[in-house]
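Please open the structure in your viewer and keep the sequence panel beside it, so that each selection can be followed in both. The tour below moves from one stop to the next, saying what to select and what is there.

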Amino acid sequence: MTREQYVKQLDLLKESVLSLGEMVELIFRDSMTSVINLDVKLAEKTLALEPEVDKLEEDIEASVFDLLALQQPMASDLRLVVSTLKITADLRRIVGLSINIAKIPGRMEGGHVKPLIDTKKMADAAAFMLENSLKAFEAQDVELARAAARRDEEVDKLFYAVWVELIEMMAKDTSIISRATNLLFLIRYLERIADHCCNICESVVYLATAERVKLN
């Protein structure tokens with residue numbers, strides 16, 4: 001393989017991760033919309049996208065292993081290959097959590113036990129983190145990665161506030177336990193999605209600087 005072909009393969013690998021990122025953003029956004037509106041049809045449509053993500057992930061992993069086995073990349077090229085593998089794994093976990101979110105509308109007979117105001121704030125912050133972690137990866141922008149990761153603190157604070165509120169509501173009215181438990185799962189999924197976005201930001205910092213950091 002010529003140097004030109006090698007560089008092109010690296011570029012294609014990066015583009016594949018960004019394409020996966022776009023799919024992940026779509027699934028996350030639609031899963032949250034389906035929960036907020038208790039839209040079972042949208043939830044089912046979202047669930048049906050998971051196989052497409054699996055195929056994209058498999059293609060990325062195959063490209064990574066080909067590059068490692070056949071090209072033996074060094075220095076910044078090796079960091080790109082390793083980072084794409086790590087970022088792909090985090091994106092796949094975000095999809096898994098979003099799929100769990102999309103399963104909630106089908107279990108919510110009777111509607112939500114409370115307005116999802118703070119929960120939506122959590123989702124908006126996580127969506128911001130996801131979008132900007134991917135932008136940071138595309139541009140290898142360390143400052144943007146760090147700025148995106150800082151929103152994790154906001155997500156954590158909202159998580160604990162909503163958690164306490166739901167526990168108190170269940171203690172007062174045991175008839176809502178089933179529906180409230182689904183919301184407890186929802187905020188836990190959102191909190192974990194934010195954590196995976198932080199992981200992506202850490203991978204961006206490593207890619208750009210070779211420095212390993214903890215951002216959450």
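**First stop: charged pairs along the helices**

Begin by selecting Glu153 and Lys157, which form a salt bridge whose closest N and O atoms are 3.4 Å apart. The model you are looking at is a predicted one. Glu153 and Lys157 are 4 residues apart in helix H6 (residues 142-172), which means that about one helical turn separates them. Lys157 counts as exposed, because its relative accessible area is 56% and the cut-off for that word is over 50%. Elsewhere, salt bridges that share partners link Glu50, Asp54, Glu57 and Arg92 into one network, so these four can be selected together. As general background, side chains of opposite charge can pair when their charged atoms come close.

Next, move to helix H5, which covers residues 117-139, and select Lys135 together with Glu131. The two form a salt bridge, with 3.1 Å between the closest N and O atoms, and they sit 4 residues apart in helix H5, about one helical turn from each other. Lys135 is partly exposed at a relative accessible area of 41%, and Glu131 is partly exposed as well, at 33%.

Staying in helix H5, select Asp118 and Lys121, which lie 3 residues apart, about one turn of the helix. Here too there is a salt bridge, and its closest N and O atoms are 3.8 Å apart. Asp118 counts as partly exposed at 23% relative accessibility, while Lys121, with a relative accessible area of 43%, is partly exposed too. How many salt bridges does a search of the whole structure find? The search finds 12.

**Second stop: the whole protein**

Now clear the selection and show the whole chain as a cartoon. The protein has 7 helices and 0 strands, and reading along the sequence gives the pattern α-α-α-α-α-α-α. The C-alpha trace spans about 70 × 35 × 20 Å along its principal axes. Of the 216 residues, 48% count as buried. If you consider contacts between residues at least 6 apart in sequence, 81% of them join residues at least 24 apart.

**Third stop: helices H4 and H7**

Select helix H4 (residues 75-102) and H7, and look at how their axes come within 9 Å of each other and cross at roughly 170°. The two helices are therefore roughly antiparallel to each other, since an angle over 145 degrees is counted in that way. The residues of the contact of H4 with H7 divide into 15 nonpolar, 7 polar and 5 charged.

Within helix H4, select Val95. Is Val95 buried or exposed? With a relative accessible area of 0%, Val95 is buried. Leaving aside residues up to four places away in sequence, Val95 touches Val24, Ile27 and Val53. Add Glu50, a member of the salt-bridge network met earlier, to the selection: Val95 and Glu50 are 45 residues apart in sequence, and their C-alpha atoms are 7.5 Å apart in space.

**Fourth stop: a buried charged residue**

Go on to helix H7, which covers residues 177-209, and select Glu202 there. Glu202 is buried yet has no salt bridge, and the nearest side chain of opposite charge, that of Lys214, is 4.0 Å away. Showing the surroundings of Glu202 brings up its contacts with Val213, Lys214, Leu215 and Asn216, once residues up to four places away in sequence are set aside.

**Last stop: two alanines with positive phi**

In general, most residues other than glycine have a negative phi. Select Ala75, which is found in helix H4, and check its backbone: phi is near 50°, a positive value in a residue other than glycine. Ala75 counts as exposed, at 54% relative accessibility.

Finish at Ala210, whose place is in the segment after H7. The phi of Ala210 is near 70°, again a positive value in a residue other than glycine, and Ala210 is partly exposed, with a relative accessible area of 41%.

Note on methods:
Residues are numbered from 1 along each chain as its sequence is written. This is a predicted model: local features need pLDDT of at least 70, side-chain atom pairs count only at pLDDT 80 or more; totals for chains, interfaces and linings use all residues. Side-chain values use heavy atoms; hydrogens and water are left out. Buried means under 20% relative accessible area, exposed over 50%, partly exposed in between (1.4 Å probe, protein chains only). Lys and Arg count as positive and Asp and Glu as negative; His and the chain ends are not counted. Contact means heavy atoms within 4.5 Å. Axes are lines fitted to C-alpha atoms, for helices over the stretch in contact, and angles run from 0 to 180 degrees between N-to-C directions. Angles under 35 degrees count as roughly parallel, over 145 as roughly antiparallel, 65 to 115 as roughly perpendicular and the rest as oblique. Ala, Val, Leu, Ile, Met, Phe, Trp, Tyr, Cys and Pro count as nonpolar, Asp, Glu, Lys and Arg as charged, and the others, Gly among them, as polar.
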